[in-house]
Amino acid sequence: PASTRQGLIEVLGDIGGDEAIGLLGQLVPTALDASELVYMSRVLQGIDESAFRNVTITTARNLLASSEINNADKRQLFDLLAQLGDTEYAAAMQNNLIVDGRLDGTTLDFLVRSLGEGAMPAIYSSFMDSNIAQQDQARLMASAMNFVGSNTQANEMFNTALNAVGDNQGLKGMMLMGLSGAGPGGEGMTPDVAQNRLNYLN
C-alpha cells in the first residue's frame, strides 16, 4: 500500500465482516485524493460490487469539483465513474468538452466510454464549432468514427472531414480505411452499418 491509510483499508478488507465493512464505508467520503478513492473502491468492490457504489460516486464527484485537481487525478476519477456506470454525471459534462477554446481530451474519453453514441450531440456540436482547432477536430472525428454508418451526426462529420481533405489521397485513404474495419469502430458492426460504410467506399 502507498500509505498508512491504504494499509488500513487493505487490512479491513481482509478482515471482512459487518463491522469492518461498515468502517470501510465510513472511510470512503474521507478519501484524500483520486488514487486513494480508486484503491478503496477496488477493495470494496471485492466485497460487494454495489453496496458502496453511491457513496463512491458522490466522493468522486466531490473530488472532481476541486479547483486544484490535476489531469491525472481527473482521468482516474473519470475512469472510476465510467466503471461504476455514472451516466448522470457524464451527461452533465457534455457542455464541458471545450475548455478555454481547446478540446478536453480526458472529458471526451469519459463521455464516449460512459455514454457511447449518446455522446454524439456534444461531439458534433464541438466539431462544427468554427473556432475549433484542427487537431481537436481530428480527435473528435476519431471518436465519432465508432458511430459512422449508424448515426446521422457522425455521418455528417465524416462527410465534412472527407471533403476537407480534398485531393490528399493519403488522408482520404486513412479515413476510408477506418470505415473498412481496419480502424476505430470496426468490431461488432451490424450488416446495416457495414452496408452504410461500404457506400462511402464505392
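Helices here are DSSP runs of H or I at least four residues long, strands are E runs of at least two, and both are numbered from the N terminus. T59, for instance, is found in helix 4. The model is a predicted one, so to speak of local features pLDDT has to be at least 70, side-chain atom pairs count only at pLDDT 80 or more, and totals for chains, interfaces and linings use all residues. Residue numbers start from 1 along each chain as its sequence is written, and side-chain values rest on heavy atoms, with hydrogens and water left out.

On confidence (pLDDT, the predictor's own score for each residue, from 0 to 100), the protein has a mean of 86, with 93% of its residues at 70 or more. Residues 182–186 are the place to be wary of: pLDDT is below 50 there, although the stretch has twelve contacts in the model beyond near neighbours in sequence. A contact means heavy atoms within 4.5 Å. Where pLDDT is low, the predicted coordinates should not be read in detail.

As for the overall layout, the secondary structure comes to twelve helices and two strands. From the N terminus on, the elements run α-α-α-α-α-α-β-β-α-α-α-α-α-α. The radius of gyration is 21 Å, well over the 17 Å that the globule rule gives for 202 residues, so the protein is more spread out than a compact globule. That radius is taken over C-alpha atoms, and the rule is 2.2 Å times the number of residues to the power 0.38. Along the principal axes, the C-alpha atoms fill a box of roughly 65 × 40 × 25 Å. Of the contacts between residues at least 6 apart in sequence, 58% join residues at least 24 apart. Buried residues account for 40% of the 202; buried means under 20% relative accessible area, exposed means over 50%, and partly exposed is in between (1.4 Å probe, protein chains only).

Next comes the interior. A nonpolar core is a set of buried Ala, Val, Leu, Ile, Met, Phe, Trp, Tyr and Cys residues joined through side-chain atoms within 4.5 Å. The largest one has 55 residues, and those with the most contacts inside it are L37, F110, I123, L140, M141, M157 and F158. Helix 3 gives the most to this core, with seven residues. In soluble globular proteins, nonpolar side chains tend to be buried together. Leaving aside neighbours within four places in sequence, I123 touches L97, L108, V112, L140, S143, A144 and M157. S143, in helix 9, is itself buried at a relative accessible area of 12%, and beyond its own near neighbours it is in contact with L108, V112 and I123. Back in helix 4, T59 is buried too, at 5%; its contacts beyond four places in sequence are V28, P29, A31 and L37.

Helix 5 (residues 71–83) holds Q76. At 1.5 Å a residue, its 13 residues should span 18 Å, and the end C-alpha atoms are indeed 18 Å apart; the expected span is 1.5 Å times one less than the number of residues. Buried in this helix are D73, K74, L77, F78, L80, L81 and A82, and their cover includes helix 3 (34–47), helix 4 (53–64), helix 6 (87–92) and helix 7 (105–115). Q76, by contrast, is partly exposed, with a relative accessible area of 28%. Outside its four-place neighbourhood, Q76 contacts A34, S35 and V38, while its C-alpha atom is 9.5 Å from that of A60, 16 residues away along the chain. Just after helix 5, G85 takes a positive phi of about 75°.

Helix 7 is largely enclosed by the rest of the structure, because eight of its eleven residues are buried. These are G105, T106, T107, L108, F110, L111, V112 and S114. Their cover includes helix 5, helix 6, strand 2 (102–103), helix 8 (120–127) and helix 9 (134–144). After helix 7 comes G116, with a positive phi near 60°.

One last oddity sits in the loop between strand 1 (98–99) and strand 2, the place of D100. Most residues other than glycine have a negative phi, and most peptide bonds are trans. D100 has a positive phi of about 55° although it is not a glycine, and D100 is exposed, with a relative accessible area of 78%.
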